[in-house]
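Hi,

Here is the structure I said I'd pass on. Have a look at it first, and then read my notes underneath.

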Amino acid sequence: MISIVIPTYKRPDFLDRLLKSIEKQTFKNFEVIVVDDNSPNYEEYLPVIKKYKKIFKEFKFLRNTENKGAPYSRNRGIKEAKYDLIALVDDDDEWLPKKLEMQFEVFKNSNENLGLVYTWADAIDEKGRIVYKYRSEIEGNPRKEILKECFIPSPSVMVRKKAIIEAGLFDERMPSCQDWDMWTRIIMKDYSIKVVKDIVTIYHKHGRESIGLSKKAKIGYRIFYKKNIKYGIHPLLKYLRRLFR
């Protein structure tokens, strides 16, 4: 069984698209936990909630009493999750039908030391054009590689709940790079990772409000660097110098 955790904020239409893709999954044994970060347009969520409460056997919609940010919302969903495997995805992304099935099979055929399984993904723009292809083949316990770059597409991740709890959950101080930081801490806890070499995740790039497009993004990079400098991340330092010019 799998717990699907989805933070959402002001995007009920995108959430509906994502939930539609989850409905089409070939693997059906899951619960869905949506955490709304106190969206001002809450009324627009009501039809979506009503629709999917009828579709999914296990569907939970939580609403923060104030705007707390995506890391807080993810952590709240993770704490609520009742299954050992957690699939993480943002409201504006999408899965193809065999995504959960393929990742579940990898976990089923691996030992307890496997902490995270990611997939290949395509990033597409608002016109449906592919703007980036995620095709990493990195597996094992890649400490050096994860410090060089975040090769793991965030909406593709399925993680063992035990691993993410041991790593300390998402850092709620970080307005960006929380995913990179989380995967790094799981790997540094000596968990191994594997990849599904199939394009089963769609990463949507759009012009709507997004931390990745804001000035806050640099704050996340700085925090990530300060937390991980002890590991000797020279390639990252070179990247940050270019970013902050």
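**Starting from Ile 22**

Ile 22 sits in helix α1. Keep in mind throughout that this is a predicted model. With a relative accessible area of 0%, Ile 22 is buried, since anything under 20% counts as such. Setting aside neighbours within four places in sequence, Ile 22 is in contact with Ile 4, Ile 6, Phe 30, Val 32, Phe 56 and Trp 95. If you want a sense of scale, Ile 22 and Asn 228 are 206 residues apart in sequence and 35 Å apart in space, C-alpha to C-alpha.

**The helix around it, and α2**

The other buried residues of α1 are Pro 12, Phe 14, Leu 15, Asp 16, Leu 18, Leu 19 and Ser 21. What lies over the buried residues of α1? The cover includes β1, β2, α2, β3 and β5 (94–95). The length of α1 works out too: its twelve residues should span 16 Å at 1.5 Å a residue, and the end C-alpha atoms are 16 Å apart, so the two agree.

I ran through α2 (residues 42–55) in the same spirit. Its 14 residues should span 20 Å at 1.5 Å a residue, and the C-alpha atoms at its ends are 20 Å apart, so that agrees as well. Buried in α2 are Tyr 45, Val 48, Ile 49 and Tyr 52. The elements covering these buried residues include β1 (2–8), α1 (12–23), β2 and β3 (59–63).

**A pocket with Ile 22 in its lining**

Ile 22 turns up again in the lining of the second largest pocket, together with Met 1, Glu 23, Lys 28, Asn 29, Phe 30, Ile 55, Phe 56, Lys 57 and Glu 58. About 190 Å³ of space lies in this pocket. How does the lining divide between nonpolar, polar and charged? Five of the residues are nonpolar, one is polar and four are charged.

**The cores**

Nonpolar side chains in soluble globular proteins tend to be buried together. Here, the largest nonpolar core has 36 residues, and the members that touch the most others are Leu 88, Leu 116, Ile 152, Ile 164, Trp 183 and Ile 186. Two or more residues each come from β2 (30–36), β4 (85–88), β6 (114–124), α5 (143–148), α6 (161–166), α7 (178–188), β9 (192–204) and α8 (217–228). Which element gives the most to this core? That is α7, with six residues.

Another core, of 29 residues, lies apart from this one; Ile 2, Ile 4, Tyr 45 and Leu 85 are among its members. You have met two of these names already: Ile 4 as a contact of Ile 22, and Tyr 45 as a buried residue of α2.

Back in the largest core, Ile 186 is in contact with Leu 116, Val 159, Ala 163, Ile 164, Ala 167 and Tyr 191, leaving aside neighbours within four places in sequence.

As for α8, it has twelve residues and reaches 17 Å from its first C-alpha to its last, close to the 16 Å expected at 1.5 Å a residue. Its buried residues are Ala 217, Gly 220, Tyr 221, Ile 223, Phe 224, Tyr 225 and Asn 228.

**Two partly exposed helix residues**

Tyr 72 is in helix α3 (residues 70–80), and at 27% relative accessibility it counts as partly exposed. Not counting residues up to four places away in sequence, Tyr 72 touches Asn 64 and Glu 172. Tyr 72 and Ile 219 are 147 residues apart in sequence and 17 Å apart in space, C-alpha to C-alpha.

Glu 105, found in helix α4 (residues 99–108), is partly exposed as well, with a relative accessible area of 32%. Glu 105 and Val 196 are 91 residues apart in sequence, and their C-alpha atoms are 10.0 Å apart in space.

**Two backbone angles to look at**

Most residues other than glycine have a negative phi. Lys 10 has a positive phi of about 60° although it is not a glycine. Lys 10 lies in the loop between β1 and α1 and is partly exposed, with a relative accessible area of 30%. Leu 169, also not a glycine, has a positive phi of about 60°. Leu 169 is in the loop between α6 and α7, and its 13% relative accessibility makes it buried.

Cheers

Definitions and conventions:
Residues are numbered from 1 along each chain as its sequence is written. This is a predicted model: local features need pLDDT of at least 70, side-chain atom pairs count only at pLDDT 80 or more; totals for chains, interfaces and linings use all residues. Side-chain values use heavy atoms; hydrogens and water are left out. On a 1 Å grid over the protein atoms alone, a cavity is a set of points where a 1.4 Å probe fits but cannot get out, and a pocket is an open set with protein on both sides within 12 Å along at least five of seven lines; lining residues have an atom within 4 Å of a point. Grid points are joined across faces, edges and corners, and a volume is the space filled by probe spheres set on the points. Ala, Val, Leu, Ile, Met, Phe, Trp, Tyr, Cys and Pro count as nonpolar, Asp, Glu, Lys and Arg as charged, and the others, Gly among them, as polar. A nonpolar core is a set of buried Ala, Val, Leu, Ile, Met, Phe, Trp, Tyr and Cys residues joined through side-chain atoms within 4.5 Å. Buried means under 20% relative accessible area, exposed over 50%, partly exposed in between (1.4 Å probe, protein chains only). Helices (H or I, at least four residues) and strands (E, at least two) are DSSP runs, numbered from the N terminus. Contact means heavy atoms within 4.5 Å. The expected span of a helix is 1.5 Å times one less than its number of residues.
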